[in-house]
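Me: I have a structure open and would like to go through its charged residues. Can you keep the answers short?

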Amino acid sequence: MNIAYCKDMDSLYVELSPENPAQAWEMHAGIVLNLSEDGRVVGIEIEKAGLATNLDILKIGGFPGHVEIIDKNQSGSTH
């Protein structure tokens, strides 16, 4: 699973599965679900994310995997 924020487009994308979506469905204004061929949600896009959510904080609790934070504004910095 990956979470990416594109600052210049103010778009937040949550990739649930690395496969290419077969179709997209705008379930609500600015909220797009990307679906696999068999209808599974493989990604969620939130347009105008800065207005829809607080981008200053991301809380991850009880996540079983490794969490990696990449800040492209700091050259090569990963935490």
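Me: Which residue forms a salt bridge with Glu19?
Reply: The partner is Arg40. This is a predicted model, and in it the closest N and O atoms of Glu19 and Arg40 are 3.0 Å apart.

Me: Where in the chain do Glu19 and Arg40 sit?
Reply: Glu19 is in the loop between β2 (11-15) and β3 (23-28), and Arg40 is in the loop between β4 (31-35) and β5 (41-47). The two are 21 residues apart, so the pair links distant parts of the chain.

Me: Glu19, buried or exposed?
Reply: In between. Glu19 has a relative accessibility of 31%, and partly exposed covers what lies between under 20% for buried and over 50% for exposed. Arg40 is partly exposed as well, with 40%.

Me: How many salt bridges does a search of the whole structure find?
Reply: Two. One is the Glu19 bridge to Arg40, and another is formed by Asp38 with Arg40. For Asp38 and Arg40, the closest N and O atoms are 3.0 Å apart.

Me: What does that make of Glu19, Asp38 and Arg40?
Reply: They are linked in a network of salt bridges. Arg40 has a bridge to Glu19 and a bridge to Asp38.

Me: And Asp38, buried or exposed?
Reply: Exposed, because its relative accessibility is 57% and the cut-off for exposed is over 50%.

Me: New topic. Where is Glu47 found?
Reply: Glu47 is in strand β5. Its relative accessible area is 35%, so it counts as partly exposed.

Me: Which residues does Glu47 touch, not counting those up to four places away in sequence?
Reply: Asp10, Glu26, Gly30 and Val32. As for Ala29, its C-alpha is 8.6 Å from that of Glu47, and the two are 18 residues apart in sequence.

Me: Back to Asp10. Where is it found?
Reply: In the loop between β1 (2-6) and β2. Asp10 counts as buried because its relative accessibility is 19%, and the limit for buried is under 20%.

Me: What about the phi of Asp10?
Reply: It is positive, about 50 degrees, although Asp10 is not a glycine. Lys48 also has a positive phi, near 50 degrees, and is a residue other than glycine.

Me: Where does Lys48 lie?
Reply: Lys48 lies in the loop between β5 and α1 (49-52). With a relative accessible area of 58%, Lys48 is exposed, whereas Asp10 is buried.

Definitions and conventions. Residues numbered from 1 in each chain as written. Predicted model: local features only at pLDDT ≥ 70, side-chain atom pairs only at ≥ 80, totals over all residues. Heavy atoms only, no water. Salt bridge = Lys/Arg side-chain N within 4 Å of Asp/Glu carboxyl O. Helix = DSSP H or I, 4+ residues; strand = E, 2+ residues; numbered from the N terminus. Buried < 20%, exposed > 50% of the residue type's maximum accessible area, 1.4 Å probe, protein only. Contact = heavy atoms within 4.5 Å.
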